[in-house]
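Me: I am new to this structure and would like to learn how to read it step by step. Could we go through it together?

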Amino acid sequence: MAAAARQRGPAVSRPAARRPAHGPRTIPAPSPHRPPPFVLPSGHPLAPAAAAGKRYGRRWALRDCTLAIPAGKVVGLAGPNGAGKTTLLQLSAGLLQPTAGTITVLGGRPGTSAAHLARVGFVAQDEPVYRRLSIAAHLRMGSWLNPCWDMELAGRRIAGLGLDPRQRAGALSGGQRAQLALTLAVAKRPELILLDEPVASLDPLARREFLQGLMEVVAEHGTSVLPSSHLTGDLERVCDYLIVLVASRVELAGEVSDVLASHRRLTGPRRDPAALPAGQEVIEASHTDRQSTLLIRTDGPVLDPAWTVRPVTLDDIVLAYLSRARATGAARRPGLEVVR
Amino acid sequence: MIRFTWLQARAQTAVALAALAAAAILAAVTGPRLLHLYAVAAACPAGADCGAATTAFLSSYHWLQVAQPTVLLALPALLGAFWGAPLVARELETGTFRLAWTQSVTRQRWLAVKLALTGVAAMALTGLLSLIVTWWSSPLDRVNLSRLSPGMFGERGLAPVGYTAFAFALGVAAGALIRRTVPAMAVTLAGLTGARLAVTYGVRPRLLTPLHATGALVLPAASGPAPAPGADAAGPGGWILSDHVINAAGRVIGSNGGIGPNGEIGFATSHGITRLQGVGACPNAFPAVSDRASQPPPAFAAAAQECVSRLGLREAVTYQPLSRYWQPQWYEALIFSAAALALAGLCFWRVHRSLT
């Protein structure tokens with residue numbers, strides 16, 4: 001897992017081999033010319049996107065994104081608005097074609113064949129459904145258009161949600177519509193389900209029900225799921241693995257438990273963050289006149305008795321990475337948005 | 001995919017079939033009487049007063065005579081706007097393309113099935129309505145022989161099927177390009193109108209080399225219906241493209257049955273000699289006409305006609321004869337169908353390439 005350092009697009013000036021100085025450490029950085037095979041602690045590569053890019057007009061929505069996603073897991077894709085999450089998911093679902101580079105999902109190019117489409121389920125943002133068609137018609141559509149359709153599963157899920165199959169999809173609430181869209185994706189029995197901001201528009205109760213439904217599917221069928229969200233709390237609840245994407249760069253990637261274990265908040269007398277021992281990387285630092293508060297990443301214990309060491313939540317970690325990316329982002333913004 | 005296409009198109013198909021059934025029933029109820037009235041008028045022996053029978057025939061179901069061709073004229077536009085334009089545009093507008101294109105069906109197949117099924121249904125619908133209208137109007141067309149004229153050509157026969165194919169494909173392509181249903185509808189209507197006008201006046205006259213003929217210049221009679229200019233030369237039902245009046249030397253001196261830029265035929269008498277204005281003195285004698293007479297006597301009209309004939313004035317027309325009716329019908333159906341195929345190709349390109 002690494003942010004690529006390959007340059008694509010001649011019009012854009014970027015340092016040719018800019019390695020991320022603060023990239024995730026579990027993965028070796030790829031060589032500038034040829035990405036290495038993705039070796040992940042958690043399994044075989046599922047969706048390596050080799051330096052894929054997507055441009056709309058002159059604006060790159062996603063640039064130089066190299067990413068590999070472990071199989072059989074719930075992999076949360078976190079990041080602020082505009083980070084390229086939706087573009088990445090639509091590329092993976094085959095709805096978009098990369099402007100530069102290639103994208104490989106489950107060993108094939110997404111969207112190119114019916115067989116490959118059958119292996120990937122996708123729930124788009126705002127969960128589009130045919131408003132005039134009933135729930136039952138949607139399920140029939142699924143059975144007609146998908147070779148592995150599981151009508152029994154679909155019917156059971158709809159009944160479990162207490163929905164009347166004769167009801168029109170246009171009359172459903174946001175949460176019910178999201179559940180219908182998830183049902184359509186799940187009953188297709190794909191190997192990978194991509195969820196684009198699945199809970200963004202739901203109230204807390206509907207959100208919990210939706211995530212519960214998602215967990216049932218994963219537990220029952222061992223499907224890999226890739227939900228994206230800008231709400232880390234939701235991802236923390238369901239994800240085994242977390243990817244933080246900022247401005248189409250991977251800022252952090254790892255098992256949720258490892259991520260939680262390797263980050264600490266230190267509070268102590270004011271000092272220069274640069275004076276920390278090797279192996280402790282400062283992600284975020286704030287200082288008052290007398291006190292320093294640091295969020296650090298370390299694989300070992302913090303031995304300095306001057307620090308008060310506390311664990312941090314996933315939310316805090318993600319926020320720290322986002323604000324760091326924003327602070328350092330000024331330097332590379334011109335590379336990401338080409339304005340002429 | 002076929003079943004899903006049907007599922008989505010049920011409502012619009014039901015509406016169209018209901019309308020078609022209504023038209024068929026209306027034609028079945030009124031058609032036989034029209035045929036009967038035609039038979040009565042046609043059986044009227046020559047020399048007898050046939051005015052009543054002819055009027056009864058020609059004025060029967062006047063509203064239907066107007067409505068049926070108008071519906072057929074409008075049908076391609078309606079199908080293009082309401083079946084074609086939303087086909088892709090509505091999916092793009094509501095975001096449901098993200099649902100449709102992530103099922104286990106490639107979007108090429110999705111588009112192919114939708115285009116083929118809906119398009120063929122639209123063409124079949126137009127074909128059936130055209131059949132009904134053509135059959136219903138056939139007694140009238142036997143009398144009113146202007147099926148080739150621009151006003152009636154597109155309201156009978158095979159051409160409307162081609163117009164529908166074109167309008168439908170134009171609607172789909174406009175929807176795929178604009179991504180909005182309502183503007184795509186507007187583009188469809190404008191595009192169809194423009195294409196129809198361009199083909200009617202720019203292409204159709206040149207599809208087949210027009211025939212040339214010259215005939216006597218027949219002056220309008222003092223009373224009764226005036227003959228259409230050039231009708232004599234072009235034969236019954238011919239579509240006259242140009243009509244020039246030529247003098248004995250073969251020089252063009254007027255058009256559309258008239259002489260000079262204003263297209264009038266005027267006689268002026270002075271000193272016992274009557275001159276045909278713009279041509280010269282008439283060789284024959286004219287009866288005296290009182291200045292107070294509101295209308296020249298029949299003898300005057302006969303003398304005028306004789307003058308025109310003896311001066312050697314003739315009409316030269318270029319025209320398409322009625323016997324060629326089916327050739328431009330086929331050509332236009334094929335031209336518009338070919339354009340529809342090209343537009344369908346544009347749809348595929350758009351859906352495959354540019355929407356990604």
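The dialogue below takes up overall form, a helix, a set of strands and the contact between two chains.

Me: Before we look at any detail, what kind of model is this, and how many helices and strands are there in chain B?

Reply: This is a predicted model, which is worth keeping in mind throughout. Counting the elements is a good beginning, and in chain B there are 11 helices and seven strands.

Me: How is the overall form of chain B to be read, as a compact globule or as something more spread out?

Reply: One compares the radius of gyration with what a globule rule gives for the number of residues. For the 356 residues of chain B the rule gives 21 Å, whereas the radius of gyration is 27 Å, well over that value, so chain B is more spread out than a compact globule. Along the principal axes, the C-alpha atoms of chain B fill a box of roughly 95 × 45 × 35 Å, and 36% of the 356 residues are buried. Of the contacts in chain B between residues at least 6 apart in sequence, 74% join residues at least 24 apart.

Me: Which way do the residues of a helix point, and how far does helix H7 of chain B reach?

Reply: An α-helix has 3.6 residues a turn, so residues three or four places apart point the same way. Helix H7 of chain B covers residues 159-178, and from its first C-alpha to its last it reaches 28 Å, close to the 28 Å expected for its 20 residues at 1.5 Å a residue. Just after H7(B) comes Arg179(B), which takes a positive phi of about 65 degrees.

Me: Why is H7(B) described as largely enclosed?

Reply: The reasoning rests on counting buried residues, those with 20 or more other C-beta atoms within 10 Å of their own. In H7(B), 18 of the 20 residues are buried, so the helix is largely enclosed by the rest of the structure.

Me: Which strands of chain A pair with strand S9?

Reply: For each pairing, one looks at the sense and at the bridges. Strand S9 (residues 263-269) of chain A pairs with S11 (residues 291-298) in the antiparallel sense over seven bridges, and Arg265(A) stands opposite Leu295(A) in S11(A). S9(A) also runs antiparallel to strand S12 (residues 308-311) of chain A, to which four bridges join it, with Arg264(A) opposite Pro311(A) in S12(A).

Me: Finally, how many residues does each chain bring to the contact?

Reply: Chain A brings 20 residues and chain B brings 16. On the side of chain B that touches chain A, helices H1 (2-42) and H4 (97-100) each supply at least two residues, and H1(B) gives the most, with three. That side of chain B divides into six nonpolar, eight polar and two charged residues.

Definitions and conventions: Residues are numbered from 1 along each chain as its sequence is written. Chains are lettered from A and ligands numbered from 1 in the order in which they are written. This is a predicted model: local features need pLDDT of at least 70, side-chain atom pairs count only at pLDDT 80 or more; totals for chains, interfaces and linings use all residues. Two residues are in contact if their C-beta atoms, placed from the backbone, lie within 7 Å. Ala, Val, Leu, Ile, Met, Phe, Trp, Tyr, Cys and Pro count as nonpolar, Asp, Glu, Lys and Arg as charged, and the others, Gly among them, as polar. The expected span of a helix is 1.5 Å times one less than its number of residues. A residue is buried if 20 or more other C-beta atoms lie within 10 Å of its own, exposed if 12 or fewer, and partly exposed in between; C-beta atoms are placed from the backbone. The radius of gyration is taken over C-alpha atoms; the globule rule is 2.2 Å times the number of residues to the power 0.38. Two strands pair if DSSP finds at least two bridges between them.
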